[in-house]
Every structure is written in C-alpha cells, then in structure tokens.
Amino acid sequence: MAFPTHIVAAAGYVFDKDGNVLLIKTPNRGWDCTGGQVEVGEDLEAAVLREIMEESGITARVKSLCAVYSNVGQYVFYDGVTPVPTKVMFDFICEYVSGECCTSEESTEVKWIPKEQVLDYVTMPVLRYRFENILRFDGQVTYASYVTKPEFRVLTERGI
C-alpha cells in the first residue's frame, strides 16, 4: 500500500474588532488570506496561527473552523515542472490579538480591508469562492471538492 500523497494546509481569515479582514498580496495568487502547509508534528490550529504570524506579523486566535476543501485536480506548480499533489485545506475564521502588519518572503503587501470591499481585491476564482464562503459563514461548516485547473470548477459542496 502506498502512503497518502495529499498536502494538508490551513488558512486563516483574520477579522479585527471593526470587522476588517486581513489580506496579504502574494507573488503568485494576488490578494489572499494567510495560510499554508501544516508541518510535521503540527496541529491545524498551530499551523494556521504560525502562518498568520509568518506572512503578516499579526498574532491571532482561532474562533471557528468554517470550511474543509479538497482540491482534487492535478497540475504543475508555478515553477512549470513540479507536480502538485491533491490538497486538503481547512479554513478558519480567526480574530486579531496583536501586532502590526508587515510583509514577509511570502507577502508583498499586508493590509486590513473593510469586509464589504474584500471581494474587490480577490480576483483568483478559487480564492473568491473561499472568501465568499467565509463572508457568509453562518456557523455551518462547508465541505467542498473542486479543481482549479484548467479552470476552477466546484465538484461537490454541502454543509457538514
């Protein structure tokens, strides 16, 4: 039996007390939330909080799991060579605790955006889809599977 080949990732959608959302601008995806791969021995919440700090300089706390996604498409990484495995992603709503926005190796800009304007910034179809789910979160966790290439397409979606 072969071992699993999935990447496990966690994303943090950070809100401040005024309802603004933390956005980072990335070289490959444009405006996005913070997040990334879960490291060996790390739990999901620790991973998302680490990614928020690394990419934005912000300390946050997890409030709620809001979505679980499977990207079942197979495609080549931004380098044009490396195959990307299937991904399982966990999206968390988080709240601001402290810190000042600062860029990192993974972010070229970091800023707070009023929640009503977030979708004006996020242009990549899969990211818009995930942000739309976050912005209308009503307490029920969404599960969806999708492919992102050659074009974004949702395969299944339901509340869990």
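## Surface and overall build

How much area does the protein chain expose, and what share of it do carbon and sulfur atoms supply? The protein chain exposes about 8,800 Å², and 53% of that comes from carbon and sulfur atoms. Keep in mind that you're looking at a predicted model.

Now for the parts list. The protein chain has three helices and 11 strands. The radius of gyration is 15 Å, close to the 15 Å that the globule rule gives for 160 residues, so the chain is as compact as a globular protein of that length. If you follow the sequence from start to end, the pattern goes β-β-β-β-α-β-β-β-β-β-α-α-β-β. Drawn along the principal axes, a box of roughly 45 × 35 × 30 Å holds the C-alpha atoms.

## Inside the fold

Of the 160 residues in the protein chain, 43% count as buried. What about residues that meet across the sequence? Take the contacts between residues at least 6 apart in sequence: 65% of them join residues at least 24 apart.

Charges are worth a look too. The protein chain carries 15 positive and 23 negative charges, and the mean positions of the two groups are 5 Å apart.

## Cysteines without a bridge

A disulfide is a covalent bond between the sulfur atoms of two cysteines. How many disulfides does a search of the whole structure find? The search comes back with zero.

Two cysteines help show why. For cysteine 94, the closest cysteine sulfur is in cysteine 66, and the gap of 8.2 Å is too far for a bond, because a disulfide needs the two sulfur atoms within 2.5 Å. Cysteine 101 has its closest cysteine sulfur in cysteine 102, but 7.8 Å is again too far for a bond.

Are these two cysteines buried or exposed? Cysteine 94 counts as buried, because its relative accessibility is 0% and the cut-off for buried is under 20%. Cysteine 101 is partly exposed, with a relative accessible area of 28%.

## A cis bond before strand S11

Most peptide bonds are trans. Here's one that isn't: the bond from lysine 149 to proline 150 is cis, with omega near 10°. Proline 150 sits in the loop between strand S10 (142–147) and strand S11 (153–159).

Move on into strand S11 and you'll find valine 154. Valine 154 is partly exposed, at 33% relative accessible area. Setting aside neighbours within four places in sequence, valine 154 is in contact with Tyr129, Ser145 and Tyr146. Glycine 99 is another story: valine 154 and glycine 99 are 55 residues apart in sequence, and their C-alpha atoms are 36 Å apart in space.

## Around helix H2

Which residues does lysine 115 touch, not counting those up to four places away in sequence? They are Phe15, Gly19, Asn20, Val21 and Leu135. Lysine 115 lies in the loop between strand S9 (109–114) and helix H2 (118–121), and it is partly exposed, with a relative accessible area of 38%. Leucine 22 is 93 residues away from lysine 115 in sequence, yet the two C-alpha atoms are 9.2 Å apart in space.

Helix H2 itself includes aspartate 120. Aspartate 120 counts as exposed, because its relative accessibility is 63% and the cut-off for exposed is over 50%. Tryptophan 31 is 89 residues from aspartate 120 along the chain, while 9.8 Å separates their C-alpha atoms.

Methods
Residues numbered from 1 in each chain as written. Predicted model: local features only at pLDDT ≥ 70, side-chain atom pairs only at ≥ 80, totals over all residues. Heavy atoms only, no water. Helix = DSSP H or I, 4+ residues; strand = E, 2+ residues; numbered from the N terminus. Rg over C-alpha atoms; globule rule 2.2 N^0.38 Å. Buried < 20%, exposed > 50% of the residue type's maximum accessible area, 1.4 Å probe, protein only. Contact = heavy atoms within 4.5 Å. Areas by Shrake-Rupley, 256 points an atom, 1.4 Å probe, with all protein chains shown as cover. Lys, Arg positive; Asp, Glu negative; His and termini not counted. Charge placed at Lys NZ, Arg CZ, Asp CG, Glu CD.
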